[in-house]
Amino acid sequence: MQSSLKKSLYLGLAALSFVSVAAVSTTASAKSAAKVTSDKVLTSDATTRNINLTGTNAIYTKPGTIKGAKVVATTTTTKNLKNDKTSQKNFRAYRMAKTNRGSYYYKVVSYDKQYRGWVYGGKTANKFNGGVDSYTTFKDGTLTADQQAGAYKITNAGKTTDGLTYKQPAWTQYKIGKTMADTTAYKNATFSIDKTGTRTREGDTWVHIVNQNTADTKADGWILASNLTNTKALNEASQVKVVVKDLSGNTLKTFNYTTGVSGVGTDATANLYAGTPLDFTPNFAKEVTNNLTGTGYAVDGKGAYNQYAKVVNGQTVTLYAKQGDKVPTKANIYLQDVKGTAAVTLAQVAKDDTPVADADAAAGIILAPKDTTNLFTGNNGASFTAADALAYLKGNDSLKTLNSPSWDETDSTTGAKTTYHYVYTPQSAKAGVFGTAFDATYVGVKTAVNTAVTPGENGGSPITNVPTPSQAQ
């Protein structure tokens, strides 16, 4: 009996001793847990904080080495999320914490908000490492000639996903969604495409569309390319596709030409080529020229490289164009009323520099520029912008300032005589094409002769093209 009691006491003390040791061990573990020494919101550009999980670390409710941290997603799950093929599983980092052990953790959230928590991010602040890595959710692309030439309608305009447009391609930026909830009102609208690219995870093509009726841009936005219908798509039963390239093989224009005959594969050669030797028919030549307007290129219909023995509906016809000759371009000089009104009149050019009676007689007249050899030149038919033309005018030594004939004024008090003229400088110009005169407006300031006048910041434009007084009506 005593022996049994001793054994029982011994075993009881041993058990008690074990419990005591376990309690001491737990306390030590708690004391050795890491602590957060800083925790702040990330304020850098949100698009630079798109991340992907690397799969090497789990997601926790707190930084992983902090007491009480629980697993939100295991490493097995984060590996799966890393390779997920849906953009809903893109992640955004929005907080950064540092522990007393020098480790950084990022708080992240998946775009669909299914996963949110802390992931180890390495030993360097504001640099994604460890379980997170910087990620590009969308990759910009280059528009094809067909995309640029197309006119598109939303195939299933309405409230469904395939009929909506988005402020950014869907799920490529956190909390940035659709432009509107219903596009039904735009079912007959025609759009053009100005940007394109692919979502990284899905690899699908998205395009940015712009309403061709620019007065209403509410539906403009990004849409899956396959959700559009190209109203200019080739009708193989009545059209041929025409691709115009330069001599280096770069595509200049793509358009569809209606042949005037019907049926897929029907011979349409006679409606594109005629005469001996063969040349483009008038209708086809006009269509080609119209599509190349502003490019500075022209197609020779008689050129051997542009000849087709047979053309049928549905076929692609490739033509090659050459740049036009370099040609000078003149400017029609208009002068703003020197009396301060909004009136603008075409300038007259004085026959010589003979002084005139007074300021009124000088208004609206300019002396011929001293030198017009530095001409505004470009490929015949190529477009230039208003800024190009104005820059030329302001940069041309002979055109950056224009003078009127001079006149004398006598001070009624002192009797001193001063000679004045108007000094005109370019204010604006219009866009155009080389080989065709463009309009430019100059403003004048009454200035004592031999007083320097500084023209505006820009410069340049073509030679003047203004009537003499005898030509003016």
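**View 1. Val299 faces Ala321 across a strand pair.** In this predicted model, Val299 sits opposite Ala321, a residue of strand β20. Zoom out a little and you'll see what the two belong to: strand β19 (residues 297-299) and β20 are joined by 3 bridges and run antiparallel.

**View 2. β20 also pairs with β15.** Which way do β15 and β20 run, parallel or antiparallel? Here the answer is parallel: 6 bridges link strand β15 (residues 239-246) with strand β20 (residues 316-323). To find your way around this pairing, look for Val243, which has Thr318 of β20 opposite it. So that you can compare the views, remember that β19 runs antiparallel to β20, while β15 runs parallel to β20.

**View 3. β11 pairs with β9 and with β12.** Start with strand β9 (residues 138-140), which pairs with strand β11 (residues 191-199) through 3 bridges in the antiparallel sense. Lys139 is the one to spot here, standing opposite Thr198 of β11. Now, which residue of β12 is the bridge partner of Thr198? That's Thr205. Strand β12 (residues 205-211) is antiparallel to β11 too, with 7 bridges between the two.

**View 4. A hairpin turn holds Gly203.** Follow the chain from β11 into β12 and you trace a hairpin, with 5 residues between the two strands. One residue to pick out in the turn is Gly203, whose phi is positive, at about 75 degrees.

**View 5. Ile333, Leu393, Phe438 and Tyr442 belong to the largest nonpolar core.** This core has 26 residues, and these four touch the most other members. Which elements give two or more residues to it? They are β21 (326-336), α5 (359-362), α6 (386-395), β29 (417-429) and β31 (438-448). There's a second core as well, separate from this one, with 18 residues; among them are Val244, Tyr257, Ala268 and Val311.

**View 6. Ala363 lies in a loop.** Look between α5 and β24 (365-366) and you'll find Ala363 in the loop there. Is Ala363 buried, partly exposed or exposed? Its relative accessible area is 31%, so Ala363 counts as partly exposed, since that label covers values between 20% and 50%. If you skip the neighbours within four places in sequence, Ala363 is in contact with Val338, Tyr422 and Tyr424. Pro405 is another residue to look for: Ala363 and Pro405 are 42 residues apart in sequence, and their C-alpha atoms are 8.7 Å apart in space.

Technical notes
Residues numbered from 1 in each chain as written. Predicted model: local features only at pLDDT ≥ 70, side-chain atom pairs only at ≥ 80, totals over all residues. Heavy atoms only, no water. Pairing = 2+ DSSP bridges. Helix = DSSP H or I, 4+ residues; strand = E, 2+ residues; numbered from the N terminus. Core = buried A, V, L, I, M, F, W, Y, C linked by side-chain atoms within 4.5 Å. Buried < 20%, exposed > 50% of the residue type's maximum accessible area, 1.4 Å probe, protein only. Contact = heavy atoms within 4.5 Å.
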